[in-house]
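Open the model in your viewer and keep the selection tool at hand. We will go from stop to stop, choosing a few residues each time.

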Amino acid sequence: LRGRGRSGALELGAMSEEAREELSALVAIYCGKGELEVLTSSETDGITFRIQTSMEGFLNSEIHLKLTFHLPVTYPSCLPNISVSSEDLTRAQCKNVKDKLLERASELLSEPMVHELLLWLQQNLKHIEKSDPCNAQSILPMDRITEDGMWMVLLHIDHMRAKDKYVRTVEKWASDLQLSGRLIFMGKLILILLQGHKKNIKDYLILQRTSKVDVDSCGKKCKEKMIRVLCETRVPTEHKRFLAFEVKDYTSLAELQREFEAVGLEEIFIEFVIALL
């Protein structure tokens, strides 16, 4: 098994023989270009891989899916973490597919299940897509959702030409607005993860979009036009928070993943960060 074009075998020694055999089978099945891509692997964190496939949806439509699985070293004695994304489904439908996969996975605990889950989804996707993913009575309209409590936003920055000035500016804004989090550099990947009160996060976004924080190709000061809000959501009360705002360089995807996991943001990492790679 090899991943992402890197040299050397994947670090799977700590995983069970059942898990290694299943991974070998998946590689053999999803052998087309781009069908299966290993994103991370380590002796301590297990393996994360993404499968791109198409399945039949409601009314015989073709649904293109990206399914990301993170198998901890204790798999299959524990459930995999799963992320689902698709340009053919709404975000609510993707969440519904993920929830149904996890329900099915709980019935298969202690045995290799990824291939079984994929076969099950192939048979049931049209029914999941057709079903209403939300109970309308359980959802509050946006104007009734309180803005109290902690929120977080994950931003993607395409590039920084005047890096030192840009970094100092971001640090000042985070300090002034009492926001904690990380300015993340990993190779060419640049992310800003902020946690704080929702109003302060909104104020930050206004500053980010209206201030001249960088320079263009001619060296002239310019506004940030290539920023993307990947995710904005409430921080669950049970999650830990970053205590301060720090600028950090990461040498590997596994190292960055551990940072997200430390504050309970593993699903955010799988759904939004891995999707950028």
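**Stop 1: helix H5**

Select helix H5, residues 198–210. H5 has 13 residues, and its first and last C-alpha atoms lie 18 Å apart, close to the 18 Å expected at 1.5 Å a residue. This is a predicted model, so treat each value as computed from that prediction.

Now color the buried residues of H5: Lys198, Asn200, Ile201, Tyr204, Leu205 and Gln208. Look down the axis of H5: these buried residues fall within an arc of 160 degrees, so they line one face of the helix. Why can residues separated in sequence share a direction? An α-helix has 3.6 residues a turn, so residues three or four places apart point the same way.

Turn to the other side of H5. Lys199 and Ile206 are exposed there. Then show what covers the buried residues: the cover includes S5, H4, S7 and strand S10 (227–234).

**Stop 2: helix H4**

H4 is part of that cover, so to speak, and it is our next selection. Pick residues 163–176. H4 has 14 residues and reaches 20 Å from its first C-alpha to its last, close to the 20 Å expected at 1.5 Å a residue.

Which residues of H4 are buried? They are Tyr166, Val167, Thr169, Val170, Trp173 and Ala174. Seen down the axis of H4, they fall within an arc of 160 degrees, so they line one face of the helix. The face turned away from the buried side carries the exposed residues Asp164, Arg168, Lys172 and Ser175.

Add the packing partners of the buried residues of H4. Among them are strand S5 (150–157), strand S6 (180–186), strand S7 (189–197) and helix H5. Strand S8 (214–215) and strand S11 (245–249) also pack against these residues.

**Stop 3: glutamate 171**

Stay in H4 and select glutamate 171. Is glutamate 171 buried, exposed or partly exposed? At 35% relative accessibility, glutamate 171 counts as partly exposed.

Next, select glutamate 246. The two glutamates are 75 residues apart along the chain, yet their C-alpha atoms are separated by 7.9 Å. Leaving out residues up to four places away in sequence, glutamate 171 touches Phe245 and Val247.

**Stop 4: three backbone spots**

Most residues other than glycine have a negative phi, and most peptide bonds are trans. The next three selections go against that pattern.

- Glutamine 178 follows H4 and sits in the loop between H4 and S6. Its phi is positive, about 55 degrees, although it is not a glycine. Glutamine 178 is exposed, with a relative accessible area of 67%.
- Serine 110 lies in the loop between helix H2 (91–106) and helix H3 (114–130). It is not a glycine, but its phi is positive at about 85 degrees.
- Proline 76 is in the loop between strand S3 (62–71) and strand S4 (81–85). The peptide bond from tyrosine 75 to proline 76 is cis, with omega near 10 degrees.

**Stop 5: helix H2**

Select H2, which has 16 residues. It reaches 23 Å from its first C-alpha to its last, close to the 22 Å expected at 1.5 Å a residue. Its buried residues are Gln93, Cys94, Asn96, Val97, Lys98, Leu101, Arg104 and Ala105. What covers them includes S3, S4, H3 and H7.

**Stop 6: two helix pairs**

Show helix H1 (residues 17–29) with H3. Their axes come within 9 Å and cross at roughly 45 degrees. That makes H1 oblique to H3. At the contact, Glu22, Leu26 and Ile29 in H1 meet Val114, His115 and Leu118 in H3. These residues divide into 4 nonpolar, 1 polar and 1 charged.

Now show helix H6 (residues 253–262) and helix H7 (residues 266–273). They pack at an angle of about 135 degrees, with their axes 7 Å apart. H6 and H7 are therefore oblique to each other. Leu253, Leu256, Gln257, Phe260 and Glu261 in H6 meet Glu266, Ile268, Phe269 and Val273 in H7. The residues of this contact divide into 6 nonpolar, 1 polar and 2 charged.

**Last stop: the whole chain**

Zoom out. The protein chain has 7 helices and 11 strands. How much of the chain is buried? Buried residues make up 45% of its 277 residues. Take the contacts between residues at least 6 apart in sequence: 63% of them join residues at least 24 apart.

How values were computed:
Residues numbered from 1 in each chain as written. Predicted model: local features only at pLDDT ≥ 70, side-chain atom pairs only at ≥ 80, totals over all residues. Heavy atoms only, no water. Helix = DSSP H or I, 4+ residues; strand = E, 2+ residues; numbered from the N terminus. Expected span 1.5 Å × (residues − 1). Buried < 20%, exposed > 50% of the residue type's maximum accessible area, 1.4 Å probe, protein only. Arc of directions from axis to C-beta. Contact = heavy atoms within 4.5 Å. Axes fitted to C-alpha atoms, helices over the stretch in contact; angles between N-to-C directions. Parallel < 35°, antiparallel > 145°, perpendicular 65-115°, else oblique. Nonpolar A, V, L, I, M, F, W, Y, C, P; charged D, E, K, R; others polar.
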